[in-house]
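Here is a short, informal walk through a structure you may not have met before. Have a look at the picture, then read on.

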Amino acid sequence: QVQLVESGGGLVQAGGSLRLSCAASGRTVSSYSMGWFRQAPGKEREFVAGIWWSGGSTSYADSVRGRFTISINAKSTVYLQMNSLKPEDTAVYYCAVGGSWLGRAREQYDYWGQGTQVTVSS
């Protein structure tokens, strides 16, 4: 049983930055991925970025590579630094935990946060 609590969402102008945080608590396994997904109105939830528990190995969606950075600390808190934000980044962002190596599919994650809204105005 893992609980995930997200924070850091908000309203930002195009070109600006936001940093999302996701704190994990409860029981977990020794090896896992933590990831970020997002879902815009009327669209499917899509993979944004993932990181292996030990850090150093990451994966990014093509649409955010070079603009977003995922990181993790020793307390199982995952961050998503979002720079050069675009209106098309507007979505609810969810963090997740799963056992697969840098999984990019929703089915590869077992626990999900409640989501945090990111709105980018033009």
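## A hairpin to start with

Let's begin with a turn: six residues sit between strands β4 and β5 in their hairpin, and one spot there, G42, takes a positive phi near 80 degrees. Keep in mind that what you're looking at is a predicted model.

The two strands of the hairpin run antiparallel, with six bridges joining β4 to β5 (residues 46-52). Want one place to check by eye? Find M34, which stands opposite I51 in β5.

## Strand β4 and its other partner

How much of β4 is covered? Mostly, it turns out: the strand spans residues 33-39, and six of its seven residues are buried.

β4 also pairs with β9 (residues 91-98), again antiparallel, and here seven bridges do the joining. One of the matches is S33, whose bridge partner in β9 is G98.

## Rings meeting rings

There are five aromatic pairs in the structure. Take F37 and Y109: their ring centres are 5.3 Å apart and the planes make an angle of 80 degrees, so this pair counts as edge-to-face. It ties together distant parts of the chain, since F37 belongs to strand β4 while Y109 is in the loop between β9 and β10 (111-112), 72 residues apart. Buried or exposed, F37 and Y109? Both are buried.

These two rings have company, too: F37, F47, Y109 and W112 make up one aromatic cluster.

## An arginine over two rings

R45 is worth a look as well. It lies over the face of Y94, 3.7 Å from the ring centre. The charged end of R45 also sits over the ring of W112, this time 5.0 Å from the centre.

## The nonpolar core

Which residues touch the most other members of the largest nonpolar core? In this group of 32 residues, they are W36, L80, M82 and Y93. Plenty of strands chip in: β1 (2-7), β3 (18-26), β4, β5, β7 (68-72), β8 (77-82), β9 and β11 (116-121) each give two or more residues. The largest share comes from β9, with five residues.

## One disulfide

A disulfide is a covalent bond between the sulfur atoms of two cysteines. You'll find one in this structure, formed by C22 and C95, with their sulfur atoms 1.9 Å apart. Like the ring pair above, this one links distant parts of the chain: C22 is in strand β3 and C95 in strand β9, 73 residues apart.

Why is the disulfide right-handed? The torsion about the S-S bond of C22 and C95 is about 50 degrees, so that's the hand it gets. Both ends are tucked away, as C22 is buried and so is C95.

## A serine in β6

Last stop: S59, which lies in strand β6 (residues 58-60). Why does S59 count as buried? Its relative accessible area is 11%, and the cut-off for being buried is under 20%.

And what is S59 in contact with, leaving aside neighbours within four places in sequence? The list runs F47, V48, A49, G50, L102 and R104. As for Y79, it is 20 residues from S59 in sequence, and the two are 14 Å apart in space, C-alpha to C-alpha.

Notes: Residues are numbered from 1 along each chain as its sequence is written. This is a predicted model: local features need pLDDT of at least 70, side-chain atom pairs count only at pLDDT 80 or more; totals for chains, interfaces and linings use all residues. Side-chain values use heavy atoms; hydrogens and water are left out. Buried means under 20% relative accessible area, exposed over 50%, partly exposed in between (1.4 Å probe, protein chains only). Helices (H or I, at least four residues) and strands (E, at least two) are DSSP runs, numbered from the N terminus. Two strands pair if DSSP finds at least two bridges between them. Rings of Phe, Tyr and Trp (its six-membered ring) pair if their centres lie within 6.5 Å; planes under 30 degrees apart count as stacked, over 60 as edge-to-face and the rest as tilted. A charge sits over a ring if NZ of Lys or CZ of Arg is within 6 Å of the ring centre and within 35 degrees of the ring normal. A nonpolar core is a set of buried Ala, Val, Leu, Ile, Met, Phe, Trp, Tyr and Cys residues joined through side-chain atoms within 4.5 Å. A disulfide is a pair of cysteine sulfur atoms within 2.5 Å. Contact means heavy atoms within 4.5 Å.
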